[in-house]
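Let's take a walk through this model together, with the viewer open beside the text. We will go from the surface to the core and then to the charged pairs.

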Amino acid sequence: MDGELQQQAATNGQGAGAALKSIVLYWKWVQEIGLQQTSEVITGFVGDLSKLGPKVTNIEKIHFMLGQLYESLAFPHRHARPDERHGGSSRVSASTTQPKELTYLAKILEEYGESLKCGHKHIFQSLPRLLTLWFENSDRVDPQTQRAMHSVIGRLTTELPSYIWLSVYPQLISRICHPNLQVLDILKNIISRVLAKHPRQSLWALASVIRSREESRTRPAKAILAKLNHLGVYDGDNAAKCDFLAAKRAFLGSAEESGGFAGELVNLCRITVGKDSSQDKKRVYTMSKDCRSLVRTVRDSQNQVLMPVELMLVPNLPR
């Protein structure tokens, strides 16, 4: 399709768009029916894209497709057709992936990251997958690939808007006790940026971690809060720092492990109500009389606390 492609690429933007669409459809078809090996598909696909130039091809869909192709190289058994799998099973153990194949991981992360810079149509496919590959494979690769993977995620920490990371915030918090120290350092930087930009949405998840009985979870959570005392996390925006500290004070209080609105909710859960008069003469409780500190905390917070409903916690991504 070289002659046709060159002719279309020489026309206006609409012609280049049509050429790009035909390239994508053609190589998807080649990949799906198995006409060529995945490595050959990538070579041909990238070669055709280069004839159109980066102004046409630097879009979310292209980078997302490249990420999927490189992932097929790294994990061939997961992406094989059913008739190509041994015994017809779709489950593959970690031992089926060879170290040579894992060298593609950095490229996968890079392509998924570039797709996130260009748009949000595939965000709930590319971003969770990007994080999962990074979290689960950082200790399985050679040192060079490991450094490349950390470098990609480190760049994305600042290059991606904070609301992108907010969309997967629960996944980030769930890995806060990751055993790899390099992964944990980058992860703390990401969580810090989310907290700095979206304190009221993100403090809810952090509160449960900082009150955990496991030191492996509370230690990094406290380190994150300590990091947020420095102005550099807020890109020099002192107003953002003041905003975070106000939200933190209202939600966690001065004693981060027991105070604030979150601490009052824990105290509310500890109230026991008797089932009959022999156990407890008082069977009716009122917020104004029996939970005065909670009511006072809510009144004094002055809208610093955001209720954890889906509408408030899930970001509306720009179109």
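Helices here are DSSP runs of H or I with at least four residues, and they are numbered from the N terminus. Please keep in mind that you are looking at a predicted model. With that numbering in hand, find the loop that runs between α16 (260–269) and α17 (287–290), where Y285 sits. Y285 is partly exposed, its relative accessible area being 33%. Together with L268, I271, M287 and V295, Y285 makes up a nonpolar patch of about 370 Å² on the surface.

Now let's turn inward. In soluble globular proteins, nonpolar side chains tend to be buried together. In this model, the largest nonpolar core gathers 80 residues, and F45 and W165 are the ones with the most contacts inside it. Helix α12 (residues 181–197) supplies the largest share of this core, with nine residues. If you centre your view on W165 and set aside residues up to four places away in sequence, you will find that it touches L127, L131, L156, T157, L160, L172, I190 and V194.

For F45, have a look at helix α3, which covers residues 38–50. F45 is one of the buried residues of α3, alongside T38, V41, I42, G44, D48 and L49. The helix has 13 residues and spans 18 Å from its first C-alpha to its last, close to the 18 Å expected at 1.5 Å a residue.

Next come the charges. Side chains of opposite charge can pair when their charged atoms come close. The model has 10 salt bridges by the rule used here, a Lys or Arg side-chain nitrogen within 4 Å of a carboxyl oxygen of Asp or Glu. A good place to begin is helix α7 (residues 105–118), where K107 and E111 are four residues apart, and therefore separated by about one helical turn. Their side chains meet in a salt bridge with an N to O distance of 3.5 Å. How accessible are the two partners, K107 and E111? K107 is partly exposed at 29% relative accessibility, whereas E111 is buried at 7%.

Further along α7, K117 and E114 lie three residues apart, again about one turn of the helix. Their side chains form a salt bridge at 3.1 Å, N to O. E114 is partly exposed, at 24% relative accessibility, and K117 is also partly exposed, with a relative accessible area of 38%.

K117 has another partner, E159, and here the closest N and O atoms are 2.5 Å apart. E159 belongs to helix α9 (residues 143–159) while K117 belongs to helix α7, so this pair ties together parts that are 42 residues apart in sequence. E159 counts as partly exposed at 38% relative accessibility. Taken together, E114, K117 and E159 are linked in a network of salt bridges.

Let's stay with helix α9 for one last stop, since H150 is found there too. Is H150 buried or exposed? With a relative accessible area of 8%, H150 is buried. Leaving aside neighbours within four places in sequence, H150 is in contact with W134, S138, N180, Q182, V183 and I186.

How values were computed: Residues numbered from 1 in each chain as written. Predicted model: local features only at pLDDT ≥ 70, side-chain atom pairs only at ≥ 80, totals over all residues. Heavy atoms only, no water. Patch = residues over 30% accessible without salt bridge, like charges linked within 9 Å, V, L, I, M, F, W, Y side chains within 5 Å. Areas by Shrake-Rupley, 256 points an atom, 1.4 Å probe, with all protein chains shown as cover. Helix = DSSP H or I, 4+ residues; strand = E, 2+ residues; numbered from the N terminus. Buried < 20%, exposed > 50% of the residue type's maximum accessible area, 1.4 Å probe, protein only. Core = buried A, V, L, I, M, F, W, Y, C linked by side-chain atoms within 4.5 Å. Contact = heavy atoms within 4.5 Å. Expected span 1.5 Å × (residues − 1).
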